[in-house]
Amino acid sequence: MGKTVKVLTYDVGTTGLKSCLFEINGEIKLLESEMADYPLHILDNGGAEQDPMDWWKAMCETTRRLIIKAALNPADIAGISFCSQMQGLVLVDREGAALRRAMTYMDQRATLEIEEHMGRGLKIGGINILKLIKSIRETGAVSASVKDPVWKYKWVEKNEPHIFEQVYKWLDVKEFLISQCTGKFIMTRDSAFAALLYNIHRQQWSSGVCKMLGVQVDHLPEIIRSTDQVGGLNKEAALALGLAEGIPVFGGGGDASLIGVGAGSISTGDTHIYTGTSGWVSTVVEKPLLDITSMIAAIVGAEPGKYNYFAEMETAGKCLEWARDNIALDGVGCYRENSSIFDDPEKSRIEIYNYLTALAGEVPAGSRGLIFTPWLHGNRCPFEDPNARAVFFNLNLETTKKEMIRAVLEGVCFHLRWMLEAQGRKVSTSRIIRFVGGGALSELTGQMLADITGREIETVENPQNVGAVGA
């Protein structure tokens with residue numbers, strides 16, 4: 001038996017941050033976890049923002065609670081790592097302070113910027129053919145979506161020049177937290193690739209693509225591997241977190257990279273499906289691939305030489321959250337008033353979703369003809385349309401909330417099937433699919449996904465923690 005070590009990992013999602021304490025000795029064992037929520041600011045112009053300091057405050061708060069809950073000696077922590085949402089834009093000054101709220105992966109306001117740079121001249125799939133070829137040749141992908149980070153960067157440059165002139169570095173979500181911990185500015189390879197400015201052949205920033213799109217290369221931080229140690233926890237961060245100064249801080253990875261690792265989908269051809277706030281289908285491949293018509297690309301994985309052929313939908317679990325707030329916990333609020341579980345936020349979240357899926361389970365497959373399209377904030381794959389919106393279709397006088405809740409779940413699962421079929425046009429997806437994320441806590445949803453896709457669906461222990469396990 002090897003040495004037993006304890007590590008802290010942070011799973012930084014769209015709606016909240018989870019701190020997890022693991023013990024590693026031949027196997028990975030989750031000892032304790034703590035969760036804190038924070039707001040997502042949806043703006044009228046298509047913006048979707050979060051305050052980076054909300055992430056940091058959540059990290060500090062949950063770490064301190066975890067230390068007390070686990071009766072932990074901070075000196076026993078052997079390392080810190082991260083898994084986080086990706087394709088955010090966090091612009092910081094030389095001291096690492098955020099200059100504005102972060103623009104998240106859901107932000108879709110930069111329609112004029114993408115049209116100006118990519119939508120003119122001879123085009124394929126709406127993208128300038130010369131810029132498309134150059135981007136694919138160097139980065140293995142192309143900034144073809146209004147939600148890609150470079151267009152957020154260009155939006156700030158055009159609309160907030162007083163902020164843009166103060167920019168020292170462009171970071172992603174976990175990279176901001178790493179800078180808070182260490183005072184260093186880095187970006188892991190998978191995050192750099194997700195910026196779509198990373199030369200996959202030279203494994204460095206692409207000066208050519210940066211020049212073509214008008215990105216200042218000196219705004220981009222040093223690129224490291226997911227397994228690299230960035231540095232030690234500095235004194236200020238240690239005091240804020242309640243940890244010991246000098247604890248090694250590692251790069252970690254984005255959720256699109258590490259959730260597959262935590263799910264055990266790591267061999268070529270392995271497919272996993274994730275449903276959290278967003279949702280995706282991901283298959284492990286060994287080379288860059290791109291389907292511009294379906295908006296699917298193979299992104300750099302945490303393991304060198306592996307890529308994740310990745311198809312994403314913007315709102316998956318977010319659809320059920322919307323149904324929770326606007327169908328189940330509406331103005332009447334009868335369930336809330338007659339339940340004591342709201343004293344524990346994490347327990348309440350699980351119990352409410354159990355309640356909703358139990359209601360949905362009382363309705364036969366097909367929701368008695370009711371159809372829901374899960375596009376509450378536009379759509380990305382297998383078609384790009386920031387203006388796509390959700391619809392309940394075929395409502396009638398007999399329709400109840402139970403049918404509506406089941407239709408929401410079925411709509412998400414059918415969209416996942418649509419993306420799975422789109423992947424199948426380029427790669428062989430696996431017969432057995434690992435299903436992870438908060439949605440995988442529901443046996444009903446897992447069975448529904450199996451029925452709709454015709455595949456064997458497997459879940460793992462604590463499927464909502466796979467990102468932290470991957471970290």
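1. Starting with the N-terminal strands: β4 pairs with strand β5 (residues 48–50) in the antiparallel sense, over 2 bridges. In that pairing, H41 sits opposite E49 of β5. Keep in mind as you read on that this is a predicted model.

2. β4 and β5 belong to an open sheet of 3 strands, ordered β4-β5-β8, with antiparallel pairing. The edges are β4 (41–42) and β8 (102–103); each has a single partner strand, so one side of each is left without a neighbour in the sheet.

3. Now the other sheet I looked at. It is open and has 7 strands, in the order β21-β22-β23-β20-β19-β26-β27, and its pairing is mixed. At its edges stand β21 (290–291) and β27 (456–459), each with a single partner strand, so one side of each lacks a neighbour in the sheet. As a reminder, strands of a sheet pair through backbone hydrogen bonds, either parallel or antiparallel.

4. For a parallel contribution to that mix, look at strand β19 (residues 271–275) and strand β26 (residues 432–436), which pair in the parallel sense over 4 bridges. Here I273 stands opposite F435 in β26.

5. The antiparallel side is represented by β23. Strand β20 (residues 279–285) pairs with β23 in the antiparallel sense over 7 bridges, and V285 has Y307 of β23 as its bridge partner. Strand β22 (residues 296–300) also pairs with β23 in the antiparallel sense, over 4 bridges. There, A297 stands opposite F310 in β23.

6. β22 and β23 are also a hairpin, with 6 residues between them. If you are checking backbone torsions, go to G305 in the turn, which has a positive phi of about 85°.

7. How many residues of strand β23 are buried? The count is 7 of the 7 (residues 307–313), so the strand is largely enclosed by the rest of the structure. In a regular strand the side chains alternate between the two faces of the sheet. In β23 both faces are covered: one side has Y307, Y309, A311 and M313, the other has N308, F310 and E312, and all are buried. Note that the buried set includes E312, in case you plan to look at charged groups.

8. Helix α14 (residues 401–424) passes a simple geometry check. With 24 residues at 1.5 Å a residue, the helix should span 34 Å; its end C-alpha atoms are 35 Å apart, which agrees. Burial is high here too: 17 of the 24 residues of α14 are buried, so the helix is largely enclosed by the rest of the structure.

9. One α14 residue to pick out is W418, which is partly exposed, with a relative accessible area of 38%. Its ring partner F383 also counts as partly exposed, at 24% relative accessibility. Burial would need a value under 20%.

10. On to aromatics in general. The structure holds 11 aromatic pairs. One of them is Y153 with F164: the ring centres are 5.1 Å apart and the planes are at 75°, so the pair is edge-to-face. Y153 lies in helix α4 (residues 149–159) and F164 in helix α5 (residues 161–164), so the pair ties together parts that are 11 residues apart in sequence. Both Y153 and F164 are buried. Back to F383 and W418: their ring centres are 5.7 Å apart with planes at 45°, so this pair is tilted. F383 lies in the loop between β24 (371–373) and β25 (391–393) while W418 is in helix α14, so the link ties together parts 35 residues apart in sequence. Ring pairs also link Y153, F164 and W170 into a cluster.

11. If you care about pockets, the second largest has a volume of about 340 Å³. Its lining has 20 residues, of which L258, V261, A302, E303 and G470 lie nearest the centre. Which helix gives the largest share of that lining? That is α10 (residues 255–263), with 4 residues. By class, the lining divides into 7 nonpolar, 11 polar and 2 charged residues.

12. Last, a small item on I124. This residue is placed in strand β9 (residues 123–124), and at 39% relative accessibility I124 counts as partly exposed. I124 and Q87 are 37 residues apart along the chain, and their C-alpha atoms are separated by 24 Å.

Key: Residues are numbered from 1 along each chain as its sequence is written. This is a predicted model: local features need pLDDT of at least 70, side-chain atom pairs count only at pLDDT 80 or more; totals for chains, interfaces and linings use all residues. Side-chain values use heavy atoms; hydrogens and water are left out. Buried means under 20% relative accessible area, exposed over 50%, partly exposed in between (1.4 Å probe, protein chains only). Two strands pair if DSSP finds at least two bridges between them. The expected span of a helix is 1.5 Å times one less than its number of residues. On a 1 Å grid over the protein atoms alone, a cavity is a set of points where a 1.4 Å probe fits but cannot get out, and a pocket is an open set with protein on both sides within 12 Å along at least five of seven lines; lining residues have an atom within 4 Å of a point. Grid points are joined across faces, edges and corners, and a volume is the space filled by probe spheres set on the points. Ala, Val, Leu, Ile, Met, Phe, Trp, Tyr, Cys and Pro count as nonpolar, Asp, Glu, Lys and Arg as charged, and the others, Gly among them, as polar. Rings of Phe, Tyr and Trp (its six-membered ring) pair if their centres lie within 6.5 Å; planes under 30 degrees apart count as stacked, over 60 as edge-to-face and the rest as tilted.
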